[in-house]
Amino acid sequence: FSNKVKFSLDPMLKKRDDFEDILEERRNTSDLRYALRCYTPALYKGLTPCTASELKTMVLQSDQLLYVINQVSKETGTATDEIQSEAEAILEEMAHRLQLSTIRFFAFTLSKIFKTLFRSICVNEEGIQRLQQTIQEQPVVLLPSHRSYMDFLLMSYILYTYDLALPVIAAGMDFMGMKIVGEMLRMSGAFFIRRSFGGDKLYWTVFSEYVKIMLKNGFAPVEFFLEGTRSRTAKSLTPKLGLLNIVMDPFLKGEVFDISLVPVSISYERILEEALYARELLGVPKPKESTSGLFKARKILSENYGSIHVYFGQPVSARSLAEGRVDRSQFNLTPRHIPRKPSEGIQDFVNDSAFRLVRSQEENMVLKPWVLLAALLLQNQTAGNKLGVLVEDLTEQAVWLRDLSRQFGAFLHWPDHIPPSRVVSSSLSLHRSLVRVSEGRVQLNLEPELLSKAVVVLSCASYRNQVLHVFIRAALLASAIHSVAGSRKQEIFNAFSFLRNMFSNEFILRPGAEVQDFEEACYLLVKSAVLQVHQQEVLVTDRGHRTLAFLTSILDPFVQGYQMVCRFLCEEATESLTEKQFVPAVRKFFIKHLLTGELKYVEVLSSDLQKNALAALLRLGAVQKLRGGANEGTLKVNTVMVNSLEDTLGGKQDFLFLIKNFK
């Protein structure tokens, strides 16, 4: 490491724009006139005009699909006509039927709903202008963050409002269970895909050809969620690469000059599904999507959900991402219609691009004051403060954390023209289902019964999690400093690398970027006068202790959760424990230790944390998943290694010892 800490922000993360509230006009003019207005979006200059049915014909006649139909026929001995009919049935089940009349119906209905639910829907106009220009110049892929069912309705609503081309949207097959609503979603641009394809070559080919032909022809912007599913914890999920591989393919094969990938960050002040998500994380089954379920959810219309901020990020060129990284001449070696597995280099490139895009989504998330209050209230509650915290003290802590967040580059929506006490009281009022204020003191709305208490804690944690991307690298460094006896830079870096590796299933940490992340953390903590970083040493300043204490406590629930998972595997895991049995068994173990007071963080009951801990142990080789025969899915635990990990997380063992043993 150089003596002087160097760090530069990702070029994707440009300056932030101003926002416009699109509901303001809706409150002052006719919703019917808005829904029926003239809609003339600017389209892609290379557009090949076609209807939804013509699009299906192009897919069914594509060289790649015909090639795969012949391959499947040879492999299975089934007649090609029969396989062709199967392909037609798959496409019929999958394809959208985008109709402007349905869009107009949704525009009218959603205007009514949004004005009832939300105070404002704020959109960055410069982002809209950039997108309008980009849609005309090249094929566009929209990549929104995914925190709510509301996301894809909101995206289409915004694009219709600004007279932009409406997207076609990848949606899970679950929505097909919502009879009337499922068909209406199809007519508003949704195309439906199975959650998993297994090794079904025919299904994969129909799906990938359908997406690629829409993209190449400029039929419409293609929209999908990089994370694959809604995040129940409000943390970004590790990106899924299937659809990103598909949309990159036409560029990599030279079928289009470039593709623009547009990360979109959707930030909710209050999430509609907050209690539902908390219960899901505690093992309560997710309700099945149904039209009757939708009508039962009407009671939410009487609630206030605050504001939404939607930030359309800088369009990212696939060509610029690939420059100097991908040799596209390799795609000339075989005919384009013959499917081929991506090389390791291509997989690494797509994976790296996905992490960069999700990081860009994170950086442009607009954080509300409540996310800071949730972080502080959780820390106060865990510290055993049973009487709660004085409103004045909470306000002082919030102002301190606001200033720290801004120093760390957070995109914070804190109205500076309003006194901090009013900002805090307004946030507490909006989230009164989670907190109560009594006799000038604030505390979480906790029930005595553990699982009811856990619903409130996990709901609160989902808001605290929204700020984690701002602090995670510095928090890993703070925890590394806390766990290392001396101040030697190399030892602290070793501890940082271990923790970063351990928690890379939990947070968005780009593979292979350890040094860059360490330098970023040093840069932020030097900039905020917490550390002095020298050639061989890292020293804590006198005023840095408060910040380091906050940062280590932010990571503590995850450290203790992973520690206890290790302990469970060493003490209680049977030889026949399967991956399916793991979460219920570890939850039971955690509940026992929470009731005895040995475990202090209720949020370790989150199935998301438990699954991520197991994924980390499988990745590190401390646990193996057996395959084949009667032992399929059984977990084989390397007790020595898991014990070492538990001791290291608990500070009982040297990081260097563990790193050497891993190697």
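# Briefing on strands, loop residues and cysteines

Asp163 lies in the loop that connects α8 (150–161) with β4 (168–172). The model described here is a predicted one. The points below concern two residues with positive phi, the pairing of strand β2, an open sheet of three strands, and the cysteines.

**Loop residues with positive phi**

- Asp163 is not a glycine, yet its phi is positive, at about 60°.
- The relative accessible area of Asp163 is 19%, and Asp163 counts as buried because the cut-off for that class is under 20%.
- Ala234 is likewise a residue other than glycine with a positive phi, in this case near 70°.
- The loop that holds Ala234 runs between β6 (222–223) and α11 (242–252).
- Ala234 is buried, and its relative accessible area is 7%.

**Strand β2 and its surroundings**

- Strand β2 covers residues 120–124, and five of its five residues are buried, so the strand is largely enclosed by the rest of the structure.
- Ser120, Cys122 and Asn124 point one way from β2, whereas Ile121 and Val123 point the other way.
- The residues on both of these sides of β2 are all buried.

**Partners of β2**

- Strand β1 (residues 19–21) runs antiparallel to β2, and three bridges join the two strands.
- Within this pairing, Glu20 stands opposite Val123 in β2.
- Strand β8 (residues 307–312) pairs with β2 in the parallel sense, over four bridges.
- On this side, the residue opposite Ser120 is Ser307 in β8.

**The open sheet of three strands**

- Three strands form an open sheet in the order β10-β12-β11, and their pairing is antiparallel.
- Its edge strands are β10 (389–390) and β11 (435–438), each of which pairs on one side only.
- Two bridges link β10 to strand β12 (residues 441–444) in the antiparallel sense.
- Leu390 stands opposite Arg441 in β12.

**Cysteines**

- The structure contains zero disulfides.
- Cys460 is buried, with a relative accessible area of 0%.
- Cys522 also counts as buried, at 2% relative accessibility.
- Cys122 is one of the buried residues of β2, and it points the same way from the strand as Ser120 and Asn124.

Methods. Residues numbered from 1 in each chain as written. Predicted model: local features only at pLDDT ≥ 70, side-chain atom pairs only at ≥ 80, totals over all residues. Heavy atoms only, no water. Disulfide = S-S within 2.5 Å. Buried < 20%, exposed > 50% of the residue type's maximum accessible area, 1.4 Å probe, protein only. Pairing = 2+ DSSP bridges.
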